[in-house]
Amino acid sequence: MIRKVTLLAVGALMGATAVSAVNSFGGSAEAAGSATYRQLAIFGNVFERVRAQYVTPPEEDKLIESAINGMLTSLDPHSSYLNQEAADDMRTQTRGEFGGLGIEVTMEDELVKVITPIDETPAARAGVLAGDLISEIDGEPVRGLSLGEAVDKMRGPVNTSIELTILREGADAPITVKVVRDIIAVKAVRSRVEGDVGYLRVISFTEKTYDDLSDAIDDITEEVGEDNLKGFVLDLRLNPGGLLDQAISVSDAFLDRGEIVSTRGRNPEETRRFNSRPGDLTGGKPVIVLINGGSASASEIVAGALQDHRRATILGTRSFGKGSVQTIIPLDSSTALRLTTALYYTPSGTSIQGTGIRPDIRVEQPVPEELRGRVKPAGESELRGHIQGENEDEEGSGSIAYVPPEAEDDVQLGLALELLRGEKTDPAFPPNPDQAAVEN
């Protein structure tokens, strides 16, 4: 469990990206001065010296890639060079599907533990069960591998097979299971009915997010009945972000009119504004949004838009505070540049870079005794080399990113449900549209 929490915290850092893609570089820049060209000549000289005289022959492509990465990471924590492997991984994440087995996993005692097999996937059909411990992958011991390395080994081309050695409670010997990889479509939104309230958890902003959200709202409304439905909980906790256009679409799902977000680049003419269209998928039902220190980038766009328009009450702890937009610029057929090209602003014109979204109702989620001191607050303001936000102060951004695995232990969700049912009251709920931070 500790390993799972750690992995999610890393996800909030590494995956916190609102991405827009372009096909080629069409911008302009001032010509480099003579001093810049002298520095480039020095770089070329250093490269040749290393290539020719280093004690062991270096890999030249790795030298160049490291130099490029060094240049980009000196800008901010979110700009980077995407080699073929990284670019493929990014495309897989944004598509929301990949060739794999269909299991959710964590790390326990240096083994891969199956949290749950996803229904109707190769792993489920092969008999993999929740709680199974994977000790070997194709005969190679899992001990010594990181969780990411183990996951990479389990993913692969569709219709290829993999052999898992499983330790199962109650079994007197290891179990060998052969699984044939298939396309795994990861649901971007998970939903359920909590009595008379609809629960919507947006896991990430992929190409599938808006469609998954729309389907979930329809299913919940049909199951509970529009007259009996008290409202929705939109859970954005531990959501590291994703595609900018999907963040806009998800915000639009709850708004009838008004600006959702603006992005402002280096030059004033690069400012772009995105507005909502008529039509609220929930029919105007009350909404409470849950956030914490794992809510970053695209999830902050949604929370900020709904908060500024007073469409929803934001509950939880302060969000990560990543208010920058990365543009993916293809360099050739297999590599790309992820470059920070703009900051985004909520409808009221507020930048949350380095500050995060402050909840309307602040509720701390207690951390279990065994995790205290291990789960630490995370935020953009703590990242070395981050872009200084115009509203950033000593308080900074972020908070602890922890959500208990069992709903009955989730005090943030519990309060949201009580507010929606009228069992408890708070001045911030329901929000008053007349107090919106922007004109509608």
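**Close-up 1. The surroundings of Gln353 in this predicted model.** Leaving aside residues up to four places away in sequence, Gln353 touches Gly321, Lys322, Gly323, Ser324, Glu380, His386, Ile387, Gln388, Gly389 and Glu392. If you are tracing the chain, look for Gln353 in the loop between strand 20 (336-345) and strand 21. Gln353 has a relative accessible area of 1%, so it counts as buried. One of its neighbours deserves a second look: the backbone oxygen of Ile387 lies 2.8 Å from a polar atom of the Gln353 side chain.

**Close-up 2. An open sheet of 6 strands.** Follow the strands across the sheet and you will meet them in the order 11-12-13-17-18-21, with mixed pairing. Strand 11 (189-194) and strand 21 (361-362) stand at the edges; each has a single partner strand, so one side of each is left without a neighbour in the sheet. Inside the view, strand 12 (residues 197-202) pairs with strand 13 (residues 231-235) in the parallel sense, over 5 bridges. A handy landmark here is Leu200, which stands opposite Leu234 in strand 13.

**Close-up 3. Helices 7 and 9 lying across the strands.** Helix 7 (residues 209-224) lies across strand 11, strand 12 and strand 13, and runs at about 15° to strand 11. Helix 9 (residues 298-308) lies across strand 13, strand 17 (287-291) and strand 18 (313-316). The angle between helix 9 and strand 17 is about 140°.

**Close-up 4. Helix 10 and its packing against the sheet strands.** Which residues of helix 10 (residues 411-421) are buried? They are Gln412, Leu413, Leu415, Ala416, Leu417, Leu419 and Leu420. These buried residues pack against strand 11, strand 12, strand 13, strand 17, strand 18 and strand 21. Both ends of the helix are worth a visit. At the N-terminal end, Asp410 acts as the cap, with a side-chain oxygen 3.3 Å from the backbone nitrogen of Gln412. After helix 10 comes Gly422, which has a positive phi near 80°.

**Close-up 5. Helix 2 packed with helix 3.** Helix 2 (residues 34-53) and helix 3 (residues 60-73) pack at an angle of about 145°, and their axes are 11 Å apart. The crossing of the two helices is right-handed. From helix 2, Phe43, Phe47, Val50 and Arg51 meet Glu60, Leu63, Ile64 and Ala67 of helix 3. The residues of this contact divide into 6 nonpolar and 2 charged, with no polar ones.

Terms used:
Residues numbered from 1 in each chain as written. Predicted model: local features only at pLDDT ≥ 70, side-chain atom pairs only at ≥ 80, totals over all residues. Heavy atoms only, no water. Pairing = 2+ DSSP bridges. Helix = DSSP H or I, 4+ residues; strand = E, 2+ residues; numbered from the N terminus. Contact = heavy atoms within 4.5 Å. Axes fitted to C-alpha atoms, helices over the stretch in contact; angles between N-to-C directions. Buried < 20%, exposed > 50% of the residue type's maximum accessible area, 1.4 Å probe, protein only. Polar contact = N/O pair within 3.5 Å; in protein donor to acceptor, adjacent residues only side chain to side chain. Left-handed = near helix turned anticlockwise from the far one by under 90°. Nonpolar A, V, L, I, M, F, W, Y, C, P; charged D, E, K, R; others polar.
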